[in-house]
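Me: Hi! I've got a new model open and I'd like to walk through it with you. Could you start with one pair of side chains and build up from there?

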Amino acid sequence: MARTVDPARHAARRLRIIDAALTRFAADGYEATTTAAICAEARIGSGTFFHYFPTKADVLLGILELGTAETTAWFDEQSGREDAVGVLRDWIDQTIEDFSDRRMAGFVRAVGAVMSRPEFAAALAADDRATQTGLLGWVELAQQQGSIRTDLTAARLTSWLTVLTDGFADRIATDDGFTAGAEGPVLRDAVHRLLGPEADESGDVPLR
């Protein structure tokens with residue numbers, strides 16, 4: 001008789017491996033991380049690892065795909081809210097919280113080193129699409145509600161929101177003194193300023 005699989009236990013063990021891999025990738029980089037190191041971090045045998053992930057590349061893809069799924073789920077959970085600008089502010093807070101994990105700087109560096117590989121580039125592009133799609137609807141609604149600027153299109157504002165958050169992540173990865181805890185309030189202020197003021201009559205975006 002085939003062994004019955006407990007879905008909750010299966011999912012929990014997979015997440016345990018993913019968490020351990022994130023820790024090792026962050027500390028050692030992608031190339032230097034071995035499956036043996038991930039197994040040791042997760043306290044599992046190699047057979048268990050390969051049951052879930054055939055290769056080291058697969059576990060990195062698993063991390064990226066989980067992040068994309070969490071992004072999609074986060075925006076889905078906001079369905080029905082009426083305060084569109086509040087959703088945008090909460091998204092910034094969630095971004096800051098995510099990057100408060102001390103491993104994120106090293107993980108961003110690890111991914112950056114291999115992002116030209118087609119499978120990783122595709123996963124990162126999917127994550128970007130999930131973020132852009134999730135934001136766009138709320139930016140459009142916030143504009144309709146008159147709670148944010150309308151002199152830029154919703155698509156352009158959405159792109160600039162991701163420019164700010166992507167730059168925030170990149171800086172955390174390259175500057176040890178730049179942390180989510182210390183710089184998060186500045187990111188919130190930058191987003192507030194981006195969303196708030198209208199362009200002046202000349203068409204220039206004011207810097208105040």
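Reply: Happy to! Let's begin with Glu119 and Arg117, whose side chains meet in a salt bridge, 2.9 Å from N to O. A salt bridge here is a side-chain nitrogen of Lys or Arg within 4 Å of a carboxyl oxygen of Asp or Glu. Keep in mind that this is a predicted model, in which local features need pLDDT of at least 70 and side-chain atom pairs count only at pLDDT 80 or more, while totals for chains, interfaces and linings use all residues. Residues are numbered from 1 along each chain as its sequence is written, and side-chain values use heavy atoms, with hydrogens and water left out.

Me: Why do such side chains pair up?

Reply: Side chains of opposite charge can pair when their charged atoms come close.

Me: Are Glu119 and Arg117 buried or exposed?

Reply: In between! Glu119 is partly exposed, with a relative accessible area of 29%, and Arg117 is partly exposed with 29%. Buried means under 20% relative accessible area, exposed means over 50%, and partly exposed is in between, using a 1.4 Å probe and protein chains only.

Me: How many salt bridges are there by this rule?

Reply: The count comes to eleven salt bridges. One of them joins Asp19 to Arg103, with the closest N and O atoms 3.0 Å apart. Asp19 lies in helix H1 (residues 7-28) and Arg103 in the loop between H5 and helix H6 (104-114), so this pair ties together parts that are 84 residues apart in sequence. Helices are DSSP runs of H or I with at least four residues, strands are runs of E with at least two, and both are numbered from the N terminus.

Me: How exposed are Asp19 and Arg103?

Reply: Asp19 is partly exposed at 39%, and Arg103 is partly exposed at 22%.

Me: Got another salt bridge for me?

Reply: Sure, Glu41 forms one with Arg24, where the closest N and O atoms are 3.0 Å apart. This pair links distant parts of the chain, with Glu41 in helix H2 and Arg24 in helix H1, 17 residues apart. Glu41 counts as partly exposed because its relative accessibility is 36%, whereas Arg24 counts as buried because its value is 18%.

Me: Let's stay with H2. Which of its residues are buried?

Reply: Ile38, Cys39 and Ala42 are buried in H2. Seen down the axis of H2, the buried residues fall within an arc of 100°, so they line one face of the helix. That arc is taken from the directions from the helix axis to the C-beta atoms. On the other side of H2, Ala36 and Ala40 are exposed.

Me: Why would residues end up on one face?

Reply: An α-helix has 3.6 residues a turn, so residues three or four places apart point the same way.

Me: What covers the buried residues of H2?

Reply: The cover includes H1, H3 and H4. That is judged by contact, which means heavy atoms within 4.5 Å.

Me: And what comes just after H2?

Reply: Just after H2 you'll find Arg43, with a positive phi of about 60°. Arg43 is in the loop between helix H2 (35-42) and helix H3 (46-52). Arg43 counts as exposed because its relative accessibility is 72%.

Me: Why point out a positive phi?

Reply: Most residues other than glycine have a negative phi.

Me: New topic: Gln78. Where is it?

Reply: Gln78 is in the loop between helix H4 (56-77) and helix H5 (84-98). With a relative accessible area of 8%, Gln78 is buried. Leaving out residues up to four places away in sequence, Gln78 touches Val87 and Trp138.

Me: Now zoom out. How many helices and strands are there?

Reply: The protein has nine helices and zero strands. Along its principal axes, the C-alpha trace spans about 70 × 40 × 30 Å. Of the 208 residues, 38% are buried.

Me: What about the largest nonpolar core?

Reply: The largest nonpolar core has 57 residues, and those with the most contacts inside it are Phe25 and Phe107. The largest share of this core, eight residues, comes from H4. A nonpolar core is a set of buried Ala, Val, Leu, Ile, Met, Phe, Trp, Tyr and Cys residues joined through side-chain atoms within 4.5 Å.

Me: What does Phe25 touch?

Reply: Not counting residues up to four places away in sequence, the residues Phe25 touches include Ile38, Leu60, Ile63 and Phe107.
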